[in-house]
Amino acid sequence: MSAKSIMIQGTASDVGKSMICTALCRIFSDDGLRVVPFKSQNMALNSFVTEDGGEIGRAQGVQAEAARVVATTDMNPILLKPKQDMVSEVIVHGKHFLNMDAKSYRNQFVQEAMPIVEKSVRTLQNTYDVIVLEGAGSPAEINLKDRDIANMRMAHLADAAVVLVADIDRGGVFASIIGTLALLDDAERARVKGLIINKFRGMRELLDDGIEWVERETGIPVLGVVPYVDVNIEAEDSLALSALRFKKPKPGEFPVDVAMIRLPRISNFTDIDPFFDEPEVGVRLIGNVTELGTPDLLILPGTKSTMDDLAWLKAQGFEQAIANLRARGTKIIGICGGFQMLGEVLLDPDAVEGNGESAQGLGLLPMETVFVGDKKTVQMSGTRGHAILTGYEIHLGRTKILRDEVSPFLQLADGRVDGAVSADEQVIGTYFHGIFHNRTFTRQLVNEMRTKKGLATLPSEVKSDAERREDAYNMLASHVRANLDMEKIYDMLKIEVNG
């Protein structure tokens, strides 16, 4: 057998390709098809750890869950994680391959990647009914097209029908569609079978004349106009992180104030997503020490370069500011790289993080971290008290406690321990990404802060993260199905669906 393929490409980055792919994965699954997501090459700040310890783009992990299949590295064989200016970690089939600058990657590695990518596509074609491919950026970047392995080259390889998505919210939607099509060659343009106008706000009828003109000029049908929807599904890139700035609460707007430092090389920032669901909690992203204020909870997030971001933190004046917050009673939680920064010393003898120098940490927990080349990527669970907490680890450092004045954060199933908690439980460090997605733990944390401020506690029973994600997938699928011509999509794919 050979799966049918549909590829969602965009007129630009952040037009909603990932969301449309996620919705289609759930819609196809609901309609009884075995569906799988695929993105040949992904550049992402957020990643997902598969059951066998492979690291892929978070979007493909989310899409796999929406498709009701187990995520594998074939769904995203090449992952690029920005590490330094113009340098990324190249991850091949879930494992660290090398660090490479953009020019070397484009000139040397791209052609080597094609056999890797093709093997993954063929594996998926022989296993599933439908592949939902996601493009990257725009297929019309004329300065990059000769080495682009994420867009039309993938469409040709998978014999995919391409649907072009344009974001009307940013303006110029018709120009972006026409301009993109104009920059495609004849074979590429022939693959574009449909258009989607995404993130629409306003009266649908006002678009009719423009849609008729686009269809007449291009000969390509507009498959739907999808209204803007704010759905609680994890994002993967820095554009989504920038969008969170617009959710920034005003001082005193919420009774509970949660702040996260926006490190220059921040990664897995979706760790804070659950706080947006907590009643009466405001979440602030802090890029400057003058914005810090006196939050109830300060989060030091993960980073792709702990040593560089620690140096930035100190240069910005955060070191003293964080010490002052600790003295004033702010709870401080460090995750992964943020956890490492909370220690006393960080050592890089093999120049894994940079030039091999050591650094003094923030000194809030008595521990030492040594960076090693063996990257740890694994799904994990552990217990804290009677609660079982789940998460995933992605890190190079190995951390040891120097003095017994702290206790472990988690007792792991394999007998090891994770993290550290200060004697007064005011400072916590953990390697567990996704720790706040354990919703009962997060609600307890919020209630602890509420009690400290003399506020009534919230109910301790909360809907689990898995239940919330299912609700989000179903809501998104229903929203997209209602606004897309799925009959045309199935005709395009030559698939018959009962009912």
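Okay, one bit of vocabulary before we start: two strands count as paired if DSSP finds at least two bridges between them. Keep that in mind, and remember that what you're looking at is a predicted model.

Let's begin with a small piece. Strand 7, residues 87-92, and strand 8, residues 95-101, run antiparallel, and six bridges join them. Within that pair, Glu89 stands opposite Asn99 of strand 8. So what do strand 7 and strand 8 form? They make a hairpin, with two residues between the strands. Have a look at His93 in the turn, where phi is positive, at about 45°.

Now let's zoom out. The domain assignment gives us domain 1, which is 4-234 + 470-493, and domain 2, which is 256-453. Notice that domain 1 is written as two stretches of the chain. How far apart are the C-alpha centres of domain 1 and domain 2? They lie 33 Å apart. As for the contact, domain 1 puts in 19 residues and domain 2 puts in 22 residues.

Next, a sheet. This one is open, with six strands in the order 15-13-16-18-26-25, and its pairing is mixed. At the edges sit strand 15 (281-286) and strand 25 (420-421), each of them pairing on one side only. Further in, strand 13, residues 256-261, pairs with strand 16, residues 297-300, in the parallel sense over three bridges. There you can find Val258 opposite Leu297 of strand 16.

Then there's a helix to add to the picture. Helix 11, residues 318-328, lies across strands 13, 15 and 16, and also across strand 18 (331-335) and strand 26 (427-430). Against strand 16, helix 11 runs at about 140°.

Last stop: the second largest pocket. How much space lies in there? About 1000 Å³. A total of 46 residues line this pocket, and the closest to its centre are Thr390, Gly434, His437, Asp465 and Arg469. Several elements give two or more residues to the lining, including helix 2 (58-66), strand 22 (387-401) and helix 14 (465-483). By class, the lining has 20 nonpolar, 13 polar and 13 charged residues.

And here's how that ties back to the domains. Which domains does the lining draw at least three residues from? Both domain 1 and domain 2 give at least that many to the second largest pocket. So when you turn the model around, try finding Thr390 and Arg469, two of the residues closest to the pocket's centre. Thanks, everyone!

Methods:
Residues numbered from 1 in each chain as written. Predicted model: local features only at pLDDT ≥ 70, side-chain atom pairs only at ≥ 80, totals over all residues. Heavy atoms only, no water. Helix = DSSP H or I, 4+ residues; strand = E, 2+ residues; numbered from the N terminus. Contact = heavy atoms within 4.5 Å. Axes fitted to C-alpha atoms, helices over the stretch in contact; angles between N-to-C directions. 1 Å grid on protein atoms, 1.4 Å probe; cavity = no way out; pocket = protein on both sides within 12 Å on 5 of 7 lines; lining within 4 Å. Points joined across faces, edges and corners; volume = space filled by probe spheres on them. Nonpolar A, V, L, I, M, F, W, Y, C, P; charged D, E, K, R; others polar. Domains from an automatic or database assignment.
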